[in-house]
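Dear colleague,

I am passing on to you the structure we spoke about, together with some notes on it. Please have it open while you read.

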Protein chains: 2
Amino acid sequence: MNYIQTMASRSKAARPEIANASSVQKNEALLEIAHALRRSKAEIIAANELDIKAGQARGMSESLQDRLRLDEKRIEGIASACEKLVALEDPVGEIIGGRVLPSGMTLRKVRVPLGVIGIIYEARPNVTVDAAVLCIKSGNAVILRGGKEAINSNKCLMDIMRRAVKLAGFPEDIIQLVEDTDRGIALEMMQANGYIDVLIPRGGAKLIQAVVKNATVPVIETGTGNCHAYVDATADLGMAVRIVDNGKTQRPSVCNALETCLVHRSVAEDFLPMLKKKLDEHNVEIRGDEMTAMILGEQNVTPATEEDYATEFGDYIIAVKVVDSLGEAIEHIGKYSTGHSEVIITESLFSAEEFQKRVDSAAVYVNCSTRFTDGEEFGLGAEIGISTQKLHTRGPMGLKELTTVKWLINGDGQIRK
Amino acid sequence: MNYIQTMASRSKAARPEIANASSVQKNEALLEIAHALRRSKAEIIAANELDIKAGQARGMSESLQDRLRLDEKRIEGIASACEKLVALEDPVGEIIGGRVLPSGMTLRKVRVPLGVIGIIYEARPNVTVDAAVLCIKSGNAVILRGGKEAINSNKCLMDIMRRAVKLAGFPEDIIQLVEDTDRGIALEMMQANGYIDVLIPRGGAKLIQAVVKNATVPVIETGTGNCHAYVDATADLGMAVRIVDNGKTQRPSVCNALETCLVHRSVAEDFLPMLKKKLDEHNVEIRGDEMTAMILGEQNVTPATEEDYATEFGDYIIAVKVVDSLGEAIEHIGKYSTGHSEVIITESLFSAEEFQKRVDSAAVYVNCSTRFTDGEEFGLGAEIGISTQKLHTRGPMGLKELTTVKWLINGDGQIRK
């Protein structure tokens, strides 16, 4: 057995304890974890400081350092997120279907945990706790593999959590951290068929593509968002400006931020100057087609390339294109979108319904910001990621999405004729 | 674009027509297909004859020839299966959740087709029609890649079906056949990310493992079944014999057939001779552990190897092992099972509940045959396969399992603060 198979065998051995635990016992583990994190702030910050210093020595960018950093306030935030999970409904054991079959057997379809979940992520140590507690609440064992930049923080957090779950009466191995951050070990994880039931990558497009490409274990592809707004001929242009501005500038680095604005030709001349004025407040760079350049002035617009339309900028950059029709907008989205979130701004019922019917993305909005695509905003209470594939689920994934089903059939001697 | 990308682009272009079609229109396509198949029996049988002759020339086994053969009766069966789908509820468009969010936006979670489904299968030409009509009813475009042994039959069936869907007002490209049966083309299909949404392999363990190993497109692993029966200390031994015999001998080649029988030590001496007597009627070979050999006589038992316990025989062979406890049985199943179907025969409520709780398989039975794991038996009406992975779904997959979800959010200018 290789490194991961050995680890995962321990997960598999511990799995029944967490899979069959009562909600009360699982909630106790969450509270123990929250308590332990609060009590260990100094210890966590010291470990985190090692990662920050190592990062600085390697010339890590300020923004990466910011993602990596844990301070008192952030640790408090992580701890109270654990506590919030306690109030959420436990998905495990729900009977989601059933009947008495003609031969007299009873059939029940029940919700059960996925089993052993693998999570591969980058340098955000908060994911270490987030992911672990979501898996615990949904009855799963989990193997976490974070970026090497956060290894000291992650080891410290994992030690604290393992002690806490033990206090709550669980085997420590329901949560495990891959301490060897070699790439070969990540590959072992992706190919641990029969050991890991599902793999969820969390992070940038590169990480996710690497996992999708190399994994033989089932994967949920998450969070690549090349999101579009389409400003229809009938749009309330003031509303359109607010929605596009919110989508682009409120938090440009996240996956539900807007990347491209499509504008109907008949309103482009009015709308684009209004939009530019608003986006100028954040110095947003506009990459537009010829018509956009003609309307806004060539000095204000970088010519958009094919690649710009396919890019998730994650930055204060927006691609703009003037289109002739709703159909052209839908076609553009079909060609370039990653299937995350798209919005139409329109006053036309027909356009709204056509757009929601024909755009094949996880979340399709009418007259509101794509920034709402989020488990908490949608009322799921918490979120492990946003699925941009169609298998298993699409869009925000909460506790229910960390489960699968099991069919239970009870008879009294029935055989098949 | 490669061969499959070109094909799949046509599927993608046709997808909206089938995805947004009414149930009435989709049912019309099914009836047209059934009608066309009946009208074209002679044509189909002639094409099939070419495949059979080519197979005979290559020395194809009798049983493979039987799988490949289409006669009047089988074509009639295929046609009436199409008609049966008409009565099934259309899963598309079902609103499976929703609410008004605090900010006033309305949120709806609706069921939509998966999109473009790829199906890779072997030499059973009936799958060509089965899979196509299930995809049509569930609003999906489909690309079918059958075994080269059935290529003439498949081409003929596909021609007939494409003409029929056109008559019903659909673009022909909602169903397509990969006519080039080169292995390289199958590989293109497995890696057509962005073109094919989901891949479903149907066939033997080898085919399925090849797809799981090579695919970067999301896969639903189906139908590998190393199924177990456990005869508990409290079992009704007569019932146990009937259930094990039914599981093993009623149709040994299918995935829900039994492969291993575990027996509690306290009843082994009574049970095993009863079982052997019954299995002798079908000349079932027993591969057992030492205790089994001791009870049944060494001349009657082939010594079971580690590999025997891990093998899906698909034949008149059964592995037998005497265990000391329910826990040992559950552990054995956890180690060797493919997660398909398992059964306990017991009169103990505790044993039944423990077994159903701790065995991590798609279908877990108490006192009835594993042979019931089947979409039709479970009341799903039809089945595209039996999922043995946990992602997306587990167990029999009907029309609902060929769908995903889409979130629709309607507001009046809401932005995120």
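The notes below turn to the contact between two chains and then to a pair of helices.

Please keep in mind throughout that this is a predicted model. Where chains A and B meet, 56 residues of chain B are in contact with 56 residues of chain A. On the side of chain B that touches chain A, at least two residues each come from the helices α9 (205-214), α10 (237-249) and α15 (349-358), and likewise from the strands β13 (363-368) and β16 (403-414). Of these elements, β16(B) gives the largest share, with 11 residues. Sorted by character, that side of chain B consists of 24 nonpolar, 19 polar and 13 charged residues.

The strand β16(B) also pairs across the two chains, since 5 bridges join it to strand β13 (residues 363-368) of chain A, and the two strands run parallel. In this pairing, Val366(A) has Asn410(B) as its bridge partner.

Within chain B, helix α2 (residues 23-39) and helix α7 (residues 151-167) have axes that come within 8 Å and cross at roughly 140°. An angle over 145 degrees would count as roughly antiparallel, and α2(B) and α7(B) are therefore oblique to each other. The crossing in which α2(B) passes α7(B) is right-handed. On the α2(B) side the contact is made by Ala29(B), Glu32(B), Ile33(B), Ala36(B) and Leu37(B), while α7(B) contributes residues including Ile160(B), Met161(B) and Arg163(B). The residues of this contact are 9 nonpolar and 2 charged, with no polar ones.

With best wishes

Key
Residues are numbered from 1 along each chain as its sequence is written. Chains are lettered from A and ligands numbered from 1 in the order in which they are written. This is a predicted model: local features need pLDDT of at least 70, side-chain atom pairs count only at pLDDT 80 or more; totals for chains, interfaces and linings use all residues. Two residues are in contact if their C-beta atoms, placed from the backbone, lie within 7 Å. Helices (H or I, at least four residues) and strands (E, at least two) are DSSP runs, numbered from the N terminus. Ala, Val, Leu, Ile, Met, Phe, Trp, Tyr, Cys and Pro count as nonpolar, Asp, Glu, Lys and Arg as charged, and the others, Gly among them, as polar. Two strands pair if DSSP finds at least two bridges between them. Axes are lines fitted to C-alpha atoms, for helices over the stretch in contact, and angles run from 0 to 180 degrees between N-to-C directions. Angles under 35 degrees count as roughly parallel, over 145 as roughly antiparallel, 65 to 115 as roughly perpendicular and the rest as oblique. A crossing is left-handed if the near helix is turned anticlockwise from the far one by less than a right angle, and right-handed if clockwise.
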